[in-house]
Amino acid sequence: MTKVRIYDSEGYLKFGQPGDDQRSSFIREAYSSSKLRLYVDTRSKPYRAVCYFRAIESSGQRSEQFYGEIEFEGDVEALLPELKHQVESKAREIFHELDLSNPTTDAFEHLDVELDVSRYMDPEDVDAVKDAVTGGQQLTFGAGDHLPALALVQQLLTAGREYVVADAGRTPQFSDAELVLDTGFEGTGLAPSKETSRKLGNVKPGGKKDDVDEHIDAIESELAALRELKQRKGVSSSRVEEKLGRALDRYFPNLTQGGYDEPDTGERTTGKRVEVKTKKQSSVKDSLTANKPAVVGLLILAAVMVGAVVLVQTGGLPFLETPEEDPGNEGIPGTGNFTVEIQEEDSVLSNGPGQYLMIKTNVTNVAEENGTQNVSLKLNDHGGESSELDLSSSESEVLSLNESVDEDDIDDHVEDFDATVSTFNDSDTVEVSVGHPFFEVNVTSPEGGESFQLNQSKTIPVNGTVENHGLDGEKDVELRIENADEQPSNSTEPVDIERDGSQNVTFEWDAVEEGEFTANLSTDNDYDTVDFSVEGSNTSE
């Protein structure tokens, strides 16, 4: 027999079994402090598995975050496919639509796919991990995305242990788990922490490549010459390093990846998530670890990027020679003089995670000559869309650039970013917001323990205040009277509140019998309760 439950990210039960708790503290904490993506417990039957997914509750609404959970008595190898089948079936029944477009749902989407872990880790290293986990060792890996993490968990199901895939790594909630895979890791593939490498011995931090430290100083010298040449062509050194770094990641995966440093988890306070993700950043000199053919290929790639560099192979490392200037350099970024002006009224400056922000910008070439430049969008450190423009002297063009922000980059319920549109000559910035509406509820009356006389008035007012700590939005506020089995006990009222705004709500409940009751005022984000009593008899009966 398989038991299925579905929760929202606040831990409220959306689907379950009779007798299930209406709110799960495990789910609430797993989302708020850990950004849990997958949890598997195979220590004893029934096996338990929890996975994050996204769905749209009703037509026209935004995609929201949920967790599916099963308790499973079957063979352990069937646990993850069964989790996918059961949760997907129930989710399609109770929600308008599943949303698998966001990368944060990759683990859920591939639960029933047999992944090849050898793409990310040598077989002997997988065996070492399995032996260590079976022996009760606690291991932590950085995982570049959800698929390497899921592939390793699939290999370890029969070991009968506890496994966690989370964007915040080993938080206090999962301090005892045998295997934690931190998908907040900025590298690619699977990389053990230093402590895990020590425990395993033969698993090398940072991947499976060999170091070639003896070449790094020479490479740095070549890059300095490359930057100098680019500056003469009108592009800054920082732009060269940025483009070169992106090329490294694209053409030589893992080339610039260092080892995984397990983040400090900190203690969770005041109900808000503590930021625990460690972003590893390193210079080219600190991070280049590759074989010699890859280094040669890198410098050839750099030559292609510059468009005016000749690499000459002399039996050792290549060096750079600069040919005579090419007068036909109109295609080099930086020609002309391009100014930018963001048109805020025509832009989309707020949206949900995973959905596009659109920055509409007027670009003008104020130079006397024609020009070609890249126009790019950045949200803080998030690189966005770019477009190359050819403009005649005094010509203008309105350009729309788009970028989205993942759920993982949002703290609390909404986050503001500086959206900057840049050319070589100019830039303009506007503030944008990404998040969700988050409606917090407080009951203002009746007061706790207040008593009402049924023979005086059977209408009991329930008042509250709703505060929005997220994006502008509309939600339903629901009043539920608990213990009122013989009379109507539920009513709802829609409220539309701007960011950081509040609104008072008023409900009336007609009591028909005496007793002890609880007024529960809630949104899909929060709830508040107050106890009151009704005494006496209803003289109108």
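A residue counts as buried when its relative accessible area is under 20%, and as partly exposed when that value lies between 20% and 50%. With that cut-off in hand, let us walk through this predicted model, beginning with a residue that meets it: glutamate 69 has a relative accessible area of 5%, so it is buried.

**Strand S4 and its partners**

Glutamate 69 is one half of a salt bridge with arginine 48, and the closest N and O atoms of the two are 2.5 Å apart. Because arginine 48 sits in strand S4 (residues 47–56) and glutamate 69 in strand S5 (residues 63–72), the pair ties together parts that are 21 residues apart in sequence. Unlike its buried partner, arginine 48 is partly exposed, at 23% relative accessible area. Salt bridges with shared partners also place both residues in one network, made up of Arg5, Asp20, Arg48, Glu69 and Glu71.

S4 itself deserves a closer look. Of its 10 residues, 9 are buried, so the strand is largely enclosed by the rest of the structure. Its pairing with S5 is antiparallel and runs over 10 bridges, one of which sets tyrosine 47 against phenylalanine 72. These two strands make a hairpin with 6 residues between them, and glycine 60 in the turn has a positive phi of about 90 degrees.

S4 also pairs with strand S3 (residues 36–41), again antiparallel, through 4 bridges. Here tyrosine 39 stands opposite valine 50, and a hairpin of 5 residues joins S3 to S4. A further antiparallel pairing, of 2 bridges, links S4 to strand S6 (residues 97–98), where leucine 98 is the bridge partner of alanine 55.

**Salt bridges across the chain**

Side chains of opposite charge can pair when their charged atoms come close. The count for this model is 16 salt bridges, and three of them are listed here.

| Acidic residue | Basic residue | Closest N to O distance |
|---|---|---|
| Glutamate 69 | Arginine 48 | 2.5 Å |
| Aspartate 416 | Arginine 499 | 2.8 Å |
| Aspartate 524 | Lysine 475 | 2.9 Å |

What does the salt bridge between aspartate 416 and arginine 499 tie together? Aspartate 416 belongs to strand S19 (residues 414–422), while arginine 499 is in the loop between strand S25 (490–497) and strand S26 (502–510), so the pair connects parts that are 83 residues apart in sequence. Aspartate 416 is partly exposed at 29% relative accessibility, and arginine 499 is partly exposed at 29% as well.

The salt bridge of aspartate 524 with lysine 475 also links distant parts of the chain: aspartate 524 is in the loop between strand S27 (515–522) and strand S28 (527–535), lysine 475 is in strand S24 (residues 473–482), and 49 residues separate them. Are these two partners buried or exposed in part? Aspartate 524 is partly exposed, at 32%, whereas lysine 475 is buried, at 11%.

**A three-stranded sheet and a covered helix**

Elsewhere, 3 strands form an open antiparallel sheet in the order S13-S15-S18. Its edges are S13 (338–342) and S18 (396–403), each pairing on one side only. Neighbouring strands of the sheet are turned by 30 degrees against each other on average, direction ignored. S15 (residues 357–365) and S18 share 8 bridges, and valine 363 stands opposite glutamate 397 in S18.

Helix H5 (residues 146–156) is mostly covered, with 9 of its 11 residues buried. Among them are His146, Pro148 and Leu156. Aspartate 145 caps the N-terminal end of H5, with a side-chain oxygen 3.0 Å from the backbone nitrogen of leucine 147.

Definitions and conventions: Residues numbered from 1 in each chain as written. Predicted model: local features only at pLDDT ≥ 70, side-chain atom pairs only at ≥ 80, totals over all residues. Heavy atoms only, no water. Pairing = 2+ DSSP bridges. Axes fitted to C-alpha atoms, helices over the stretch in contact; angles between N-to-C directions. Buried < 20%, exposed > 50% of the residue type's maximum accessible area, 1.4 Å probe, protein only. Polar contact = N/O pair within 3.5 Å; in protein donor to acceptor, adjacent residues only side chain to side chain. Salt bridge = Lys/Arg side-chain N within 4 Å of Asp/Glu carboxyl O.
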